[in-house]
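Here are my notes for anyone opening this one for the first time. Have the structure on screen while you read.

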Amino acid sequence: MKLQRKNRLRALSLGAVAVSGALALTACGSDDNGGKESGNPSTSAKAGSIKCDDAKGQLLADGSSAQKNAIDAWVKAFSQACGVQINYKGGGSGAGVTAFTQGQVAFAGSDSALKPEEVTASKKVCNGGQGIDLPMVGGPIAVGYNVPGVDNLVLDAPTLAKIFDSKITKWNDPAIAALNKGVKLPDLKIQAFHRSDESGTTDNFTKYLIATAPDNWKYSGGKAWQAKGGQSAPQSAGVAQQVKQTSGAIGYFELSYVKDGIKAVSIDTGASKPVAPSSESATTDIAAAKVVGTGKDLSLQLDYKTKAEGAYPITLVTYEIVCDKGNKSDTLPATKAFLRYIAGEDGQKVLSSIGYAPVPDEIIAKVRTTVEGLS
């Protein structure tokens with residue numbers, strides 16, 4: 001009896017080891033969260049969609065805070081697949097372009113295309129080449145607000161211009177009331193927030209006001225806020241935080257920041273219905289964009305004056321800025337692999353689920369071709 005019991009315990013012990021070993025092999029073989037497959041570092045466990053090639057080491061990048069939430073999602077998947085560390089600061093478009101032209105980063109993100117003087121500056125760090133704009137992230141610039149008791153709010157371009165230029169200062173102003181019949185608007189001071197740092201989001205938001213409300217917005221535009229009055233905060237996250245915690249506040253930032261008590265304004269464009277910001281309504285507008293860059297540069301011209309049904313007019317496209325030629329040899333493989341992934345079908349699919357808009361097919365196809373030619 002003692003011998004039988006001893007043999008039975010031994011068999012159970014061996015069975016447990018076998019099960020444990022099988023689980024360990026399963027864990028090493030694949031990772032449903034996007035980890036890289038054991039023994040095959042050039043593919044991701046997610047259907048092998050992320051091709052790492054010779055990517056290694058780490059990449060430094062900086063720029064647009066508008067795309068920060070998208071970059072974070074992309075970096076997580078890419079780093080798990082390829083083991084490359086990417087440090088994206090998200091300090092704003094102005095900071096990103098400066099860092100790029102000074103040779104401090106492998107690539108930069110900007111919601112505005114490079115200016116001629118910035119292209120000239122980039123030639124000093126792009127050996128035999130220059131910086132180019134690759135549109136990678138689309139999306140609406142939401143006008144977020146925090147007005148107690150008001151769940152739906154419609155504004156148009158002239159009214160927005162007056163609000164952000166401190167010409168309309170109360171939420172029950174007749175101009176706002178005329179656009180929101182039947183809505184009980186409070187006698188509450190408007191607290192308008194804008195970006196304190198140089199920002200492509202500011203550039204695109206004010207381009208919309210310049211194009212659609214020239215009689216009410218007399219400023220020349222650009223990455224730096226020009227109107228007097230109002231309050232400021234750094235990066236999109238900072239503006240959103242101020243709107244969230246301030247009764248009567250309004251500000252502009254990407255749709256992914258509209259949450260936790262912040263609601264988004266619908267825009268009266270002149271179409272049959274006001275248009276709310278969404279991935280779909282932004283894509284409808286961006287699909288009409290024209291490529292105006294030359295050579296390998298793919299900068300776009302957006303239609304801020306659109307009156308198309310279902311097209312949200314306050315949109316932006318974030319560019320990844322990289323050298324067309326003359327990229328640093330130690331970072332080029334990782335840079336190409338990362339850009340290839342985010343421009344690819346799987347990378348673009350991530351965008352809609354987190355409040356952004358994929359770049360239209362015709363344009364992203366050109367981006368993919370350009371990425372493959374980077375040297």
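The points below go from the overall picture to particular residues.

1. First, a word on what you're looking at: this is a predicted model. The chain averages a pLDDT of 88, and 87% of the residues score at least 70. Watch the start, though: over residues 1–45 the pLDDT is below 50, and that stretch has 38 contacts in the model beyond near neighbours in sequence. I'd read that part with care.

2. Now the general layout. You'll find 12 helices and 15 strands in the chain. There are 375 residues, and 50% of them count as buried. Among the contacts with a separation of 6 or more, 73% are between residues 24 or more positions apart. As for the outside, the accessible surface comes to about 17,100 Å², with 51% of it belonging to carbon and sulfur atoms.

3. How many disulfides does a search of the whole structure find? Two. Counting bonded cysteines along the chain, they follow the pattern 1-2, 3-4. As a reminder, a disulfide is a covalent bond between the sulfur atoms of two cysteines.

4. Take the pair Cys 52 and Cys 82, whose sulfur atoms sit 1.9 Å apart. Cys 52 is in the loop between strand 2 (40–44) and strand 3 (58–63), while Cys 82 belongs to helix 2 (residues 68–82), so this link ties together parts that are 30 residues apart in sequence. The torsion about the S-S bond is about -85 degrees, which makes the disulfide of Cys 52 and Cys 82 left-handed. Both cysteines, Cys 52 and Cys 82, are buried.

5. The other pair is Cys 126 with Cys 323, at 2.0 Å from S to S. Here the parts tied together are 197 residues apart in sequence, because Cys 126 lies in the loop between helix 4 (116–122) and strand 6 (131–146) and Cys 323 in strand 15 (residues 315–323). This link is left-handed too, with -75 degrees about the S-S bond. Are its ends buried or exposed? Cys 126 has 0% relative accessibility and so counts as buried; Cys 323 is buried as well, at 4%.

6. On to the interior. In soluble globular proteins, nonpolar side chains tend to be buried together. In this model the largest nonpolar core has 81 residues, and those with the most contacts inside it are Trp 74, Phe 78, Met 136, Phe 164, Ile 250 and Phe 338. A second, separate core of 10 residues includes Val 97, Val 105, Cys 126 and Ile 321. If you want one residue to click on, try Ile 250: leaving out residues up to four places away in sequence, its neighbours include Val 143, Tyr 145, Phe 164, Trp 171 and Phe 193.

7. Finally, two serines to compare. Ser 199 lies in the loop between strand 8 (191–195) and helix 7 (200–212). It is buried, with a relative accessible area of 1%, and it contacts Ser 93 and Lys 223 once neighbours within four places in sequence are set aside. Ser 247, in the loop between helix 8 (235–245) and strand 10 (249–254), is partly exposed at 40% relative accessibility. Leaving aside neighbours within four places, Ser 247 is in contact with Asn 146, Pro 148, Leu 188 and Gln 191. From Ser 247 to Asn 146 is 5.7 Å, C-alpha to C-alpha, although they are 101 residues apart in sequence.

Key
Residues numbered from 1 in each chain as written. Predicted model: local features only at pLDDT ≥ 70, side-chain atom pairs only at ≥ 80, totals over all residues. Heavy atoms only, no water. Disulfide = S-S within 2.5 Å. Helix = DSSP H or I, 4+ residues; strand = E, 2+ residues; numbered from the N terminus. Buried < 20%, exposed > 50% of the residue type's maximum accessible area, 1.4 Å probe, protein only. pLDDT = per-residue confidence, 0-100. Contact = heavy atoms within 4.5 Å. Core = buried A, V, L, I, M, F, W, Y, C linked by side-chain atoms within 4.5 Å. Areas by Shrake-Rupley, 256 points an atom, 1.4 Å probe, with all protein chains shown as cover.
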